[in-house]
Amino acid sequence: QVQLVESGGGLVQPGGSLRLSCAASGTIFSINPMGWYRQAPGKQRELVATITSGGSTTYADSVKGRFTISRDNAKNTVYLQMNSLKPEDTAVYYCYANYRGANWGQGTQVTVSL
């Protein structure tokens, strides 16, 4: 098991930016992949972005060109840089790590509103 702690959520106006961080309890070098999911009220949890240990990334179509996922293995941390935020990006964002099964963080709220 690996413990994941997210931070960086909050309230932002449309067009604004936020950076989410996910700190893992142990070394993440071998965790493959890690990623971010989100869940809006009344909707299913959906994939936002993933990153492999080698740095390969995938993105949901809805966030391509606006969000960037990255990882710093030395700091055991995964980031999600979110730019040009839209109201439809409002959701609870969860960090995910594939390590001996699925591991999830507690979630961090992102609200995009005027």
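**Entry: Arg100**

I began with Arg100, which is found in the loop between β9 and β10 (102-104). The model is a predicted one, and I read the backbone of this residue with that in mind. Arg100 has a positive phi of about 55° although it is not a glycine. I noted the background to this: most residues other than glycine have a negative phi. I then looked up the accessibility of Arg100, which is 71% in relative terms, so the residue counts as exposed, the cut-off being over 50%.

**Entry: Asn76 and the β7-β8 hairpin**

I next turned to Asn76, whose place is in the loop between β7 and β8. Its phi is near 55°, again a positive value in a residue other than glycine. Is Asn76 buried or exposed? Its relative accessibility is 19%, and because the limit for buried is under 20%, Asn76 counts as buried. The hairpin that holds Asn76 has 4 residues between its strands, and β7 and β8 run antiparallel, joined by 6 bridges. Within that pairing I found Arg71 opposite Val78 in β8.

**Entry: strand β8**

I stayed with β8 and followed its pairing with β3, which is antiparallel and extends over 6 bridges. Here Ser21 stands opposite Tyr79 of β8. I also checked burial along the strand: 5 of the 6 residues of β8 are buried, so the rest of the structure largely encloses this strand.

**Entry: the disulfide**

I searched for disulfides and the count came to 1. The bond joins Cys22 to Cys95, with an S to S distance of 2.0 Å. Which parts of the chain does this pair link? Cys22 lies in strand β3 (residues 18-24) and Cys95 in strand β9 (residues 91-98), so that the link bridges distant parts of the chain, 73 residues apart. I noted a value of -85° about the S-S bond, which makes the link of Cys22 and Cys95 left-handed. Both ends are enclosed: Cys22 is buried with a relative accessible area of 0%, and Cys95 is likewise buried at 0%.

**Entry: strand β4 and its partners**

I then traced β4 (residues 34-39), which is joined to β5 by 5 bridges in the antiparallel sense. The two strands form a hairpin with 6 residues between them, and Gly42 in the turn has a positive phi of about 75°. I also recorded the pairing of β4 with β9, which is antiparallel over 6 bridges; in it, Arg38 has Tyr93 of β9 as its bridge partner.

Before β4 I stopped at Pro33, which lies in the loop between β3 and β4. The peptide bond from Asn32 to Pro33 is cis, with omega near 0°. As a reminder to myself, most peptide bonds are trans.

**Entry: Thr50**

I looked up Thr50, placed in strand β5 (residues 46-51), and found Gly35 standing opposite this residue in the β4-β5 pairing. Thr50 is buried, at a relative accessible area of 13%. What does its side chain meet in a polar contact? The side chains of Thr50 and Thr58 are joined by a polar contact of 2.4 Å. Leaving aside residues up to four places away in sequence, Thr50 touches Pro33, Met34, Gly35, Ser56, Thr57, Thr58 and Ile69; the Pro33 in this list is the residue that follows the cis peptide bond.

**Entry: the nonpolar core**

I listed the largest nonpolar core, which has 29 residues, and asked which members touch the most others: they are Trp36, Leu80, Met82 and Tyr93. The strands β3, β4, β5, β7 (67-72), β8 (77-82), β9 and β11 (108-112) each supply at least two residues of this core. Tyr93 thus appears twice in my notes, here in the core and earlier as the bridge partner of Arg38.

**Entry: the whole chain**

I closed with the overall figures. The protein chain has 0 helices and 11 strands. Its radius of gyration is 13 Å, close to the 13 Å that the globule rule gives for 114 residues, so the chain is as compact as a globular protein of that length. The C-alpha atoms fill a box of roughly 40 × 25 × 20 Å along the principal axes. Of the 114 residues, 42% count as buried. Among contacts with a separation of 6 or more, residues 24 or more positions apart account for 54%.

Definitions and conventions. Residues are numbered from 1 along each chain as its sequence is written. This is a predicted model: local features need pLDDT of at least 70, side-chain atom pairs count only at pLDDT 80 or more; totals for chains, interfaces and linings use all residues. Side-chain values use heavy atoms; hydrogens and water are left out. Buried means under 20% relative accessible area, exposed over 50%, partly exposed in between (1.4 Å probe, protein chains only). A polar contact is a pair of N or O atoms within 3.5 Å; within protein, one must be able to donate a hydrogen and the other to accept it, and residues adjacent in sequence count only if both atoms are side-chain atoms. Contact means heavy atoms within 4.5 Å. A disulfide is a pair of cysteine sulfur atoms within 2.5 Å. Two strands pair if DSSP finds at least two bridges between them. A nonpolar core is a set of buried Ala, Val, Leu, Ile, Met, Phe, Trp, Tyr and Cys residues joined through side-chain atoms within 4.5 Å. The radius of gyration is taken over C-alpha atoms; the globule rule is 2.2 Å times the number of residues to the power 0.38.
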